[in-house]
Structures are given as C-alpha cells and as structure tokens.
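Please open the structure in your viewer and keep the selection tool at hand, since this tour moves from one selection to the next and says what is found at each stop.

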Amino acid sequence: MLPEPVSRILLIDDHRLFNDALKSLLNEQPDLTICGQVFKASDAIHAVHRSSPHLILMDINLQGSNGIDLGKAIVSDYPTVRIIMLTMYNQPKLLDETRRAGLHGYLLKDAGTTELLRAIRDVLGGTTSFDTSVSSSPTPTDDPFGDRFASRLNLTFREVEIIALIREGLSNEQIADRIHLSPETVKTHRKNIHFKLGISKVTELVQFAIKNGI
C-alpha cells in the first residue's frame, strides 16, 4: 500500500506565537507538513523558491505590507501554489480583493480547527474556500484597516497602508518595493492622502499616524 501523499505548507505571519502554534497544529496531521515559516514579507519570495510549498497560509497585514498584493505576486511567479489568507479582519472588501487577486481562500483567525483543516484540504484539492462568516457590515472598531475608520476619513485601505509605511520612514521607492507598486503610483497615493487630510508636510502626516494608531 502506497503511503498517503503529504502536502507542504508554508506559513507567512509576523506574529511568532501564532505562527508557531499553527505549525504545531498542522504538523499533527498525517497528510500535512510545514515546510517553512516566514515572519517578514521581504523573506517570502525566497522562502517559496526554497521550500516549494503546495499551499501558503498568509496574514494580510505583515508589518505594514499588504499580504494580498504579496500573494498576487507569488501566484504570478508560482502559478501552481495555492494561497489562503488567514486574517483577523472581518472585512468584505478585503475578501473581495483576495478573490480579485486570484487567491484561493480567506479565513478568519478565530475559525475552529475543523474549519481550518477543511479549508486547507478543499484548497489543496483544487477548489476555493472563502469564509461565509465574513459579514457584509463594517466591523464595529476603529482599527486603522477597518471600514469605519477609513470611510470616516474617506481613506482607502491602500492609503492607510501607505500612511503606516510613511510613519516607518520609508521612501516612495521603498514603499513601492514593499507593496509591489510603481513609485509613480505611490506618489499619486501620497498626493491623494495629503489632499484628503488637508495637510502638506510629512511631519504632519506622521503626527496623524501616531495620533490614530496607524
């Protein structure tokens, strides 16, 4: 009798405790094995090349980087790799962005073990798995990546993301490289941000970011 094939899973999440807990959980499954752990978005592409995963479980917010864009870049270079976004954000627009990016699943981090394993095996089997519990209404929180915060200030998810990277001190070129955009596109986003917030200086934008916890 042939042994059951084992699927290789790469974990990309900057929360080490969660990353390690997920590794322990999935390594208990006879048909799954963790082939690598990534804690920084900048290490992801190299890890995919090195470990040749069948499936990637990845967070959306990777220290200011957008996991959806990173996932899109990965499947562009490695079209056989399957990707599930595993996130705390109960945001329909992010689920929709995940679909449009050509990724294969979206699951909330508070999902149960049974639900997680079902999603993993469904996606490995060639289907998709998008969490039906993601509500159609905004999450009642002022989280900077949430609908309520962004809509109150007329900011898009991308603009909030760029504000966070500006607060880190990144240049337009560094931001473009981090979130897989052109420097010109980043410049356009920055102009829109300054216009929407009614500010003209980078120092004012950094103060805004600090004040709002971005």
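## Starting at aspartate 59

Begin by selecting aspartate 59, which is buried, because its relative accessible area is 4% and buried here means under 20%. Bear in mind throughout that this is a predicted model. If you colour the chain by secondary structure, you will find aspartate 59 in the loop that runs between strand 3 (55–58) and strand 4 (61–62). The UniProt annotation for Asp59, which comes from an unreviewed entry, reads "modified residue: 4-aspartylphosphate".

Next, show the surroundings of aspartate 59, leaving aside residues up to four places away in sequence: the residues it touches are Ile12, Asp13, Asp14, His15, Gly67, Met85, Leu86, Thr87 and Lys109.

## On to helix 3

From that list, Gly67 leads to helix 3 (residues 67–77), where it is one of the buried residues, together with Ile68, Asp69, Leu70, Gly71, Ile74 and Val75. Now select asparagine 66, which caps the N-terminal end of helix 3, with a side-chain oxygen 2.8 Å from the backbone nitrogen of isoleucine 68.

## The helices further along

Move to helix 7 (residues 157–167) and helix 10 (residues 202–211), which pack at an angle of about 110° with their axes 9 Å apart; the two helices are therefore roughly perpendicular to each other. To see the contact, select Ile163, Ile166 and Arg167 of helix 7 along with Val202, Leu205, Val206, Phe208, Ala209 and Ile210 of helix 10. Coloured by class, the residues of this contact divide into eight nonpolar, no polar and one charged.

Keep helix 7 on display and add helix 9 (residues 183–197), which packs against helix 7 at an angle of about 95°, with the axes 10 Å apart, so that helix 7 is roughly perpendicular to helix 9. On the helix 7 side the contact is made by Arg158, Glu159, Ile162, Ile163 and Ile166, and on the helix 9 side by His189, Arg190, Asn192, Ile193, Lys196 and Leu197. In this contact of helix 7 with helix 9 there are five nonpolar, two polar and four charged residues.

For the last stop, hide helix 7 and bring in helix 8 (residues 172–179), whose axis comes within 8 Å of that of helix 9 and crosses it at roughly 110°. Here the residues to select are Asn172, Glu173, Ile175 and Ala176 of helix 8, and Pro183, Val186, Lys187 and Arg190 of helix 9. By class, four of the residues in the contact of helix 8 with helix 9 are nonpolar, one is polar and three are charged.

How values were computed: Residues are numbered from 1 along each chain as its sequence is written. This is a predicted model: local features need pLDDT of at least 70, side-chain atom pairs count only at pLDDT 80 or more; totals for chains, interfaces and linings use all residues. Side-chain values use heavy atoms; hydrogens and water are left out. Axes are lines fitted to C-alpha atoms, for helices over the stretch in contact, and angles run from 0 to 180 degrees between N-to-C directions. Helices (H or I, at least four residues) and strands (E, at least two) are DSSP runs, numbered from the N terminus. Angles under 35 degrees count as roughly parallel, over 145 as roughly antiparallel, 65 to 115 as roughly perpendicular and the rest as oblique. Contact means heavy atoms within 4.5 Å. Ala, Val, Leu, Ile, Met, Phe, Trp, Tyr, Cys and Pro count as nonpolar, Asp, Glu, Lys and Arg as charged, and the others, Gly among them, as polar. Buried means under 20% relative accessible area, exposed over 50%, partly exposed in between (1.4 Å probe, protein chains only). A polar contact is a pair of N or O atoms within 3.5 Å; within protein, one must be able to donate a hydrogen and the other to accept it, and residues adjacent in sequence count only if both atoms are side-chain atoms. UniProt positions are given in the numbering used here, feature names are shortened, and annotations may be inferred rather than shown by experiment.
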